[in-house]
Amino acid sequence: MEFYSTRSEKHTAGAARAVLTGLAPDGGLYTPLDFGSMRVDMDRVLTLDAPELFAEIVYKILPDFGEEEIKRLVPEAYAGKFQTRDITPLVKVGDRFVLELFRGPTSAFKDVALSVLPRLVSLARKQLGISEETAILTATSGDTGKAALEGFRDVPGTRIIVFYPEGGVSDIQKAQMATQKGGNVRVCAVKGNFDDAQTGVKLIYADDEAEHWAKREGLRLSSANSINIGRLAPQAAYYFKAYRDMVRMGEIKNGETVNFAVPTGNFGNILAGEFARRMGLPVGKLICASNANNVLTEFIQTGVYDRRRPFFRTASPSMDILVSSNLERYLLLAGGSFELVDELMRELRDKGIYRAPERITEEMQKHFDAGWADDLTVKQTIAEVWREHKYLLDPHTAVAWKVTGDIKAQTGDNTKTVVLSTASPYKFGFDVLDAISAQRPATGFEAMVVLSDLTGVPIPANLAELKELQPRFTDCVDKTQMLAYVKEVLKG
Ligand SMILES: *Cc1c(COP(=O)(O)O)cnc(C)c1O
């Protein structure tokens, strides 16, 4: 099956090349268009266990890797790394369902995709007969970096360098990255914010001189950010998994529609839900939940995307994004032409604003609802859900919980709703503790212990052990020095 660049039908790639390069040569994102060939037999889905189900969906989206390979590789990627064989447990909380996507090795939902991606990269290298090492460069606002490090750790033929904004990640996130194990990993702080780190990485990719240098060194540069189609495929799987669970729990009949509420930043997670819908999952609404950086709320409600607005640092930092990369894939799927997407992305870059055509806005509003919540409301939501249901939400998940309630109240839509939970509350223990008890200990580590004593909810092992581990990485560079750093680390 061919993947098309969102910006031109001239640039297509098979699964292996799409996964290995990440971005198309014209800057577009590789996207499947033939969802007819990806239809899923729902009766069959209901009979599969979680690893089989994930394998089935990944195979549907990336068939040219080969059925045997995918159906071996996907279950192997999760075995022993996630807390349960169930991979992503579904928990009933009040009248809603929380899909726990954070039971992996780094306690964030990025693990679901980044456990599989390195194996897809290895397979792609083998299938394309590539002997150069693959060097992954990743900019992170906290969660992607750690999950990518853990996923690529000691994967043969790969090296990984993660850049994070100095002072821009929590103490827990910093400790998670600085203590990363593995012989092929490096972590470096950048003096600047996340956009500086991300721009720095993009500039390296776009730099011809850097590409030639890499070639001479026997390297190829690649990306683990959510623009990689290899990350969307495993994410589509957990929508089916949640649905399967609801049927098994007797909450719905097969064929009944379900809503999904998604804490959204780069639009990757929720786009995977749109993939699932197009593959035959009975999805009612996809609820796009944002924090104070509510550019997507406005876009879904009005069709105008305007990034010319103040940027807020919030208690849900993984959603502090004003340019949601994956949205351009949706513009194409919702009926945009390649030329139109190219034009809109140009307007976004040059003017900071674009208006989608009426028919795209209408199509979008048929399938998406949107809302946002500020930090104070999020805190109240965490406290309320703990008080009423004895369930601990992290701040990202709490945004989606709150928005779900608001939309239910506005529309009277009583469709059963799954709230996607994207992080362990302990990853943001400081804010969660503050929400339920107004205690503010000196560090995130102390907050974890107090929170656990108070609630009886166990601390995930990977976070509990952090304090005992020695930091391995303390590098910090100026944003203009990132390429020099990459060369220094990768040479020879
Ligand atoms: C990455 C992330 C998100 C946002 O997901 P997108 O796919 O970028 O929309 C939400 N919550 C957490 C905890 C995350 O790490």
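Contact here means heavy atoms within 4.5 Å. The structure is a predicted model.

Reader: Which residues of helix H12 are met by residues of helix H11?
Author: The H11 side of this contact consists of Ile-229, Leu-232, Gln-235, Ala-236, Tyr-238, Tyr-239 and Phe-240. Their counterparts in H12 are Gly-268, Asn-269, Ile-270, Leu-271, Ala-272, Gly-273, Phe-275 and Ala-276.

Reader: How many residues of the contact of H11 with H12 are nonpolar, polar and charged?
Author: Gly counts as polar and Tyr as nonpolar in this division. The residues of the contact come out as eleven nonpolar, four polar and no charged.

Reader: At what angle do H11 and H12 pack, and is the crossing left-handed or right-handed?
Author: H11 spans residues 229–248 and H12 residues 268–278. Their axes lie 8 Å apart, at an angle of about 65 degrees. The crossing of H11 past H12 is right-handed.

Reader: Why is strand S7 largely enclosed by the rest of the structure?
Author: S7 covers residues 158–165. Thr-158, Ile-160, Val-162 and Tyr-164 point one way from the strand, while Arg-159, Ile-161, Phe-163 and Pro-165 point the other way, and all are buried. Buried means under 20% relative accessible area. S7 is largely enclosed because eight of its eight residues are buried.

Reader: Which residue of S7 is the bridge partner of Leu-137?
Author: Strand S6, residues 133–139, runs parallel to S7 and is joined to it by six bridges. In S7, the partner of Leu-137 is Ile-161.

Reader: Through which helix does the chain cross from S6 to S7?
Author: The connection is a β-α-β crossover, and it is right-handed. Its helix, residues 143–152, is H7.

Reader: Which residue in strand S8 stands opposite Val-162?
Author: S8 takes in residues 185–191 and pairs with S7 in the parallel sense over six bridges. Opposite Val-162 stands Val-187.

Reader: Is the crossover from S7 to S8 left-handed or right-handed?
Author: From S7 the chain passes through helix H8, residues 171–178, before it reaches S8. This β-α-β crossover is right-handed.

Reader: Which are the edge strands of the open sheet of three strands?
Author: The order in this sheet is S2-S1-S3, and the pairing is antiparallel. An edge strand here pairs on one side only. That description fits S2 (8–13) and S3 (30–31).

Reader: Which residue in S3 does Tyr-4 stand opposite?
Author: Strand S1, residues 3–5, runs antiparallel to S3, and two bridges join them. The residue opposite Tyr-4 is Thr-31.

How values were computed. Residues numbered from 1 in each chain as written. Predicted model: local features only at pLDDT ≥ 70, side-chain atom pairs only at ≥ 80, totals over all residues. Heavy atoms only, no water. Buried < 20%, exposed > 50% of the residue type's maximum accessible area, 1.4 Å probe, protein only. Helix = DSSP H or I, 4+ residues; strand = E, 2+ residues; numbered from the N terminus. Pairing = 2+ DSSP bridges. Right-handed = clockwise from strand over helix to strand, strands pointing away. Axes fitted to C-alpha atoms, helices over the stretch in contact; angles between N-to-C directions. Left-handed = near helix turned anticlockwise from the far one by under 90°.
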